[in-house]
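Subject: Structure handover and notes

Hello,

Please find the structure below, with the sequence. My notes on what turned up in it follow.

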Amino acid sequence: MHMGYKRIKMNSIVFALNLLASIVWSAPPRCEPGDAILGRCRIPVEEKPQCTNIVLGYCDDMPYSKTLFPNLLDNKNREELEMGTEYLLLSVIHTLLNGECTPDIRMLGCSIIAPRCENGKIMKPCRSTCESVRKNCIHAFEGIKMAWPYFLDCDRFFVGEEEGCYDPLENLREKQEVALASISPEEPSTIIQFTYHSHLQMENVLKKTAARCSDISRTYSIGRSFEGKDLLVIEFSDNPGQHELLEPEVKYIANMHGNEVLGRQLLIYLAQYLCSEYQLGNERIQTLINNTRIHLFPSMNPDGYELAAAEVEDTNEQEQDEGHRYNGWTSGRANAQNIDLNRNFPDLTSIVYSRRRNKGYRTDHVPIPDSYWFSKVAPETYAVMKWVRSIPFVMSASLHGGELVVSYPYDFSRHPEEEKMFSPSPDEQVFKLLSRIYADAHPTMSDNSTDRCGASFASKGGIINGAMWYSFSGGMSDFNYLHTNCFEITVELGCDKFPSEDELYLGWQQNKEPLLSYLEAVHRGIKGIVKDETGKGIKGARISVRGVRHDIFSAEDGDYWRLLTSGTHIITASAPGYTKVMKKINLPPRLQKAGRVDFILKREILEPGINDHFPAQDTYDRFDPFNQFERYTQRETGEPGEEEVQEKPWWWSYFALSGNAAPTWLLRNY
């Protein structure tokens with residue numbers, strides 16, 4: 001019995017050992033270095049990822065049908081992808097952007113969340129496609145204050161052609177080409193919608209226009225209004241974003257008074273026209289943009305405009321016929337601080353008048369008096385002053401409403417007790433020439449009819465010296481002329497300050513040619529470069545015209561522009577530390593292009609007091625010496641305030657209730 005038990009136990013142990021041996025023997029042998037090559041063991045083969053069909057409703061029109069998980073955002077499967085905020089954004093992008101840039105954005109996003117799969121591998125979309133879409137569509141995101149989505153980062157998720165990329169929009173482009181081919185060539189070349197625009201709509205139109213013509217245009221902000229609206233400018237140039245040697249700079253400013261609105265709309269239309277006509281091959285527009293840097297500033301007073309527009313809507317409900325005219329003389333003229341911006345600039349004209357009996361007095365680059373900074377200065381005024389000091393503008397026009405006439409400096413009477421007194425500047429003849437160019441190109445402004453808007457100026461040909469019309473101090477035109485190189489006129493576009501929408505097309509038809517002719521007028525007079533003996537441009541060289549007590553100064557690289565009438569002129573170039581150079585020139589009456597007059601100045605040893613005729617440059621260059629407006633610059637460039645961070649944009653509700661993590665990557669300045 002005992003021996004039998006032992007035998008049974010021994011057999012059980014042997015069976016267990018045999019079973020263990022068989023298990024060990026059947027297991028894959030441990031591979032030592034080199035064993036796999038000799039066939040002594042096998043490395044287990046991992047299962048390769050498989051391409052799978054795209055079954056996403058918002059990505060079903062991609063130019064491919066297979067995708068792969070995990071995708072480029074590391075979503076493990078379709079269910080995880082569909083629950084993500086990225087896919088939610090693509091599902092509502094058409095609504096958020098009001099149809100603009102879709103399906104481009106949606107298809108670009110699908111190329112990341114549902115990437116193309118071939119032979120079990122992901123193919124990445126082309127970086128060039130991403131960059132093109134971003135350039136054309138970034139304005140749409142800025143318009144709703146949304147950041148560019150992180151998963152559309154062109155440098156992070158997209159690759160170059162040398163890495164074997166593909167264009168995810170190829171099918172879309174083919175459809176667009178077919179649609180364009182079906183358009184009749186007889187249709188109007190430039191299509192403009194003649195309606196009023198809210199501030200946000202204006203920003204979207206300007207940014208969309210700049211994106212469509214990105215090779216010749218860009219938008220930029222010069223600051224913010226009192227209520228925080230961007231003071232947006234659109235620029236046209238063959239090299240947008242920088243000053244080019246010998247290329248003159250010209251600007252239009254409108255809506256300085258918020259309830260004078262036709263000029264605001266004209267500049268929006270002009271921006272669209274310049275972009276479209278340049279692309280369509282209009283030689284006149286191409287020549288203008290290729291040789292001129294043009295800045296259009298449609299709304300200097302966006303806060304006042306919004307107030308005026310709101311009152312027009314309210315009044316129209318009560319009195320359809322009189323709504324616009326009633327509003328035209330009441331609300332919205334001033335900014336949100338109740339400051340009339342065209343009375344808010346430094347009064348430099350009074351300074352000139354007080355010094356006119358002094359020997360050698362000047363009427364150019366007059367410094368801003370310190371006392372000015374202790375008065376109430378609007379942020380819109382502050383922004384414009386910084387702007388006109390930072391760019392070497394040659395010429396400008398400010399578009400207003402309430403009459404039909406062009407006025408020119410001085411706007412402030414040389415006798416304080418005379419409200420209507422002829423007060424010419426030293427460049428009276430040049431200003432009359434510039435004013436005449438605009439007025440004569442207008443169909444009614446310069447005619448002699450006495451039964452029309454502006455009839456009281458018919459005998460003067462539709463132009464007038466500002467102070468002779470009515471006198472006021474602190475105007476923008478006088479400031480431009482007396483503080484910078486810029487010659488600015490004021491254009492009154494019509495008696496109705498807030499015309500009905502039905503009249504906008506007529507306003508465009510009447511002013512399109514004057515606006516273009518005035519831009520071309522910047523090429524009158526002379527231009528050139530002031531250099532030293534080594535050929536280096538001299539910044540701040542003084543260009544004087546004999547008999548005219550108003551000089552201009554050369555720009556950063558020594559180039560200058562001097563508007564002049566036809567005839568014989570004696571021109572002198574001078575700079576501290578250099579000898580003077582004088583030249584006699586003759587400008588023919590029909591010369592349409594600025595004459596080229598260069599100067600080479602030689603170094604000289606100065607004696608004390610020899611440069612007393614030069615202005616104190618350090619005094620002129622000083623701006624805002626008491627930092628009165630530091631808060632405005634902080635608002636533009638600093639960190640967002642606590643209230644700005646907490647206040648979410650209107651579209652945030654689309655994502656807040658989704659149950660996902662808050663997409664803070666969609667918030668600007670986060």
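I start with one residue pair in a sheet: Val250 of S7 stands opposite Ile294 in S8. Please bear in mind throughout that this is a predicted model.

**The sheet around S7**

S7 covers residues 249-254, and six of its six residues are buried. Strand S8 (residues 293-297) runs parallel to S7 and is joined to it by five bridges. S7 is also parallel to S9, here with six bridges, and in that pairing Tyr252 is placed opposite Ala397.

In a regular strand, side chains alternate between the two faces of the sheet. In S7, Glu249, Lys251 and Ile253 point one way, while Val250, Tyr252 and Ala254 point the other way, and all of these are buried. Two residues of S7, Lys251 and Ile253, are in contact with Trp387. Leaving aside neighbours within four places in sequence, the other contacts of Trp387 are Tyr220, Ile222, Val233, His295, Phe297 and Phe393.

**Nonpolar cores**

Which residues have the most contacts inside the largest nonpolar core? They are Phe236, Leu296 and Trp387, in a core of 104 residues. Helix H10 (residues 262-279) supplies the largest share of this core, with 11 residues. Domain 2 (199-313 + 328-522) and domain 3 (526-603) each contribute at least three residues to the core.

There is also a second, separate core, made up of 45 residues, and Leu56, Ile105, Ile112 and Trp148 are among them. Ile105 and Ile112 are also listed among the buried residues of H5. That helix spans residues 104-113, and 10 of its 10 residues are buried. The buried set in H5 is not restricted to nonpolar side chains, including as it does Asp104, Arg106 and Ser111.

**The S14, S15 and S17 strands**

Strand S14 (residues 542-545) is covered on both faces. Arg542 and Ser544 lie on one side, Ile543 and Val545 on the other, and all four are buried. S14 has two pairings to note:

- With S15, the pairing is antiparallel and has three bridges; Arg542 stands opposite Phe553.
- With S17 (residues 567-574), the pairing is antiparallel and has four bridges; Ile543 stands opposite Ala573.

The hairpin of S14 and S15 has two residues between the strands, and Gly547 takes a positive phi near 90° there.

Phe553 belongs to strand S15, which covers residues 548-553. Is Phe553 buried or exposed? Its relative accessibility is 7%, so Phe553 counts as buried. Pro392 is 161 residues away from Phe553 along the chain, yet their C-alpha atoms are separated by 9.2 Å.

**Cavities**

Phe553 and Pro392 also both line the second largest cavity. How many cavities of 30 Å³ or more are there? The count comes to four. The second largest has a volume of about 50 Å³. Besides Pro392 and Phe553, its lining has Phe393, Val394, Asn485, Ile552, Tyr560 and Trp561. Strands S9 (393-400), S15 and S16 (559-562) each give two or more residues to this lining. Phe393, one of the lining residues, is also in contact with Trp387, and S9 is the strand that pairs with S7.

**Thr85**

Thr85 is located in helix H4, residues 85-96. Thr85 counts as buried because its relative accessibility is 7%, and the cut-off for buried is under 20%. Apart from neighbours within four places in sequence, Thr85 is in contact with Phe655, Asn660, Ala661, Pro663 and Trp665.

**Whole chain**

For the chain overall, the figures are these:

- The secondary structure comes to 23 helices and 20 strands.
- Of the 670 residues, 51% are buried.
- Among contacts with a separation of 6 or more, 76% are between residues 24 or more positions apart.

Regards

Notes. Residues numbered from 1 in each chain as written. Predicted model: local features only at pLDDT ≥ 70, side-chain atom pairs only at ≥ 80, totals over all residues. Heavy atoms only, no water. Buried < 20%, exposed > 50% of the residue type's maximum accessible area, 1.4 Å probe, protein only. Contact = heavy atoms within 4.5 Å. Core = buried A, V, L, I, M, F, W, Y, C linked by side-chain atoms within 4.5 Å. Domains from an automatic or database assignment. Pairing = 2+ DSSP bridges. 1 Å grid on protein atoms, 1.4 Å probe; cavity = no way out; pocket = protein on both sides within 12 Å on 5 of 7 lines; lining within 4 Å. Points joined across faces, edges and corners; volume = space filled by probe spheres on them.
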